[in-house]
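Hi there,

Here is the structure I promised to pass on. Please have a look at it first; my notes on what I found follow below.

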Amino acid sequence: MKHTVVVISVGSNSEDRNFRVSKAIEFLLGNLTAASVSSVYESESFSKNDRSPFTNAVVVGQTLVNQEEMITLLKEQEALAGRDAVTRAEGIVPLDLDIVIWGGRIVRNDDFERPYFNIGYRELLAKGAFEE
């Protein structure tokens with residue numbers, strides 16, 4: 001089987017956002033190989049509905065699972081962290097895990113262009129995280 005490189009955006013704006021992002025990074029490191037993690041940083045919300053600030057990070061790594069399986073894993077983690085329709089309506093994002101790049105292809109153009117992603121992504125680029 002071939003490994004696929006995946007780039008995942010991590011974020012939370014809950015009261016315990018630093019803890020939630022830290023636990024999400026641990027989860028991702030346990031499920032990806034050859035992984036690198038950006039610094040953890042704070043950003044403002046881009047949505048009028050979301051509370052601010054957010055804690056964010058970007059993780060790049062390799063996986064053997066397909067994209068749908070990875071999405072399922074990420075959405076399960078979001079649900080375990082308490083993300084649901086009620087928290088979303090209140091502007092609280094306990095945990096947000098999104099695949100932004102899959103196999104070298106941008107799959108979430110909006111996220112790819114947002115500052116909260118680019119801070120971590122550019123840091124990983126500068127560190128050489130994408131060089132083989």
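**Overall fold**

The protein has 5 helices and 6 strands. Please keep in mind that this is a predicted model. Going along the sequence, the elements come in the order β-α-β-β-β-α-α-β-β-α-α.

For the overall dimensions, the C-alpha atoms fit a box of roughly 40 × 30 × 25 Å along the principal axes. The radius of gyration is 14 Å, which agrees with the value near 14 Å for a compact globule of 132 residues. Of those 132 residues, 45% are buried. Among the contacts with a separation of 6 or more, 67% join residues 24 or more positions apart.

On the outside, the protein exposes about 7,300 Å², and carbon and sulfur atoms supply 50% of that area. You may also like the charge count for your own setup: there are 14 positive and 20 negative charges, and their mean positions are 2 Å apart.

**The two cores**

In soluble globular proteins, nonpolar side chains tend to be buried together. So what does the largest nonpolar core look like here? This core has 18 residues, and Ile-8, Val-10, Leu-28 and Leu-74 have the most contacts inside it. At least two residues each come from strand S1 (4–12), helix H1 (17–31), strand S4 (54–63), helix H2 (67–80) and strand S5 (96–102). Helix H1 gives the most, with 5 residues.

Val-10 is a good place to start looking. Leaving out residues up to four places away in sequence, Val-10 touches Val-21, Ala-24, Leu-28, Thr-55, Asn-56, Ala-57, Val-59, Leu-95, Asp-96 and Leu-97.

There is also a second, separate core of 10 residues, which includes Val-7, Val-60, Val-100 and Tyr-121.

**Helix H5**

Two residues of this helix are worth a click. Phe-117 lies in helix H5 and counts as buried because its relative accessibility is 0%. Outside the four places on either side in sequence, Phe-117 is in contact with Val-7, Ser-9, Tyr-41, Val-58, Val-100, Ile-101, Asp-111 and Phe-112. Of these partners, Val-58 is 59 residues away from Phe-117 in sequence, yet the two C-alpha atoms are 6.8 Å apart.

Asn-118 is also found in helix H5, which covers residues 115–127. With a relative accessibility of 12%, Asn-118 is under the 20% cut-off and therefore counts as buried. Its contacts beyond four places in sequence are Phe-112 and Glu-113.

**Thr-4 and Arg-20**

Which side of the buried limit do these two fall on? Thr-4, in strand S1, has 19% relative accessibility and so counts as buried. Arg-20, in helix H1, has a relative accessible area of 22% and is therefore partly exposed. The two values lie on either side of the 20% limit because buried means under 20%.

As for their surroundings, with neighbours within four places in sequence set aside, Thr-4 is in contact with Gly-61, Gln-62, Thr-63, Trp-102 and Gly-103. On the same basis, Arg-20 touches Ser-12, Ser-14, Ala-81, Pro-94 and Leu-95. Arg-20 and Glu-78 are 58 residues apart along the chain, with 9.8 Å between their C-alpha atoms.

Happy browsing, and do write back with any questions!

Best wishes

Terms used:
Residues are numbered from 1 along each chain as its sequence is written. This is a predicted model: local features need pLDDT of at least 70, side-chain atom pairs count only at pLDDT 80 or more; totals for chains, interfaces and linings use all residues. Side-chain values use heavy atoms; hydrogens and water are left out. A nonpolar core is a set of buried Ala, Val, Leu, Ile, Met, Phe, Trp, Tyr and Cys residues joined through side-chain atoms within 4.5 Å. Buried means under 20% relative accessible area, exposed over 50%, partly exposed in between (1.4 Å probe, protein chains only). Helices (H or I, at least four residues) and strands (E, at least two) are DSSP runs, numbered from the N terminus. Contact means heavy atoms within 4.5 Å. The radius of gyration is taken over C-alpha atoms; the globule rule is 2.2 Å times the number of residues to the power 0.38. Accessible areas come from the Shrake-Rupley method with a 1.4 Å probe; for residues, only the protein chains shown count as cover. Lys and Arg count as positive and Asp and Glu as negative; His and the chain ends are not counted. The place of a charge is taken as NZ of Lys, CZ of Arg, CG of Asp or CD of Glu.
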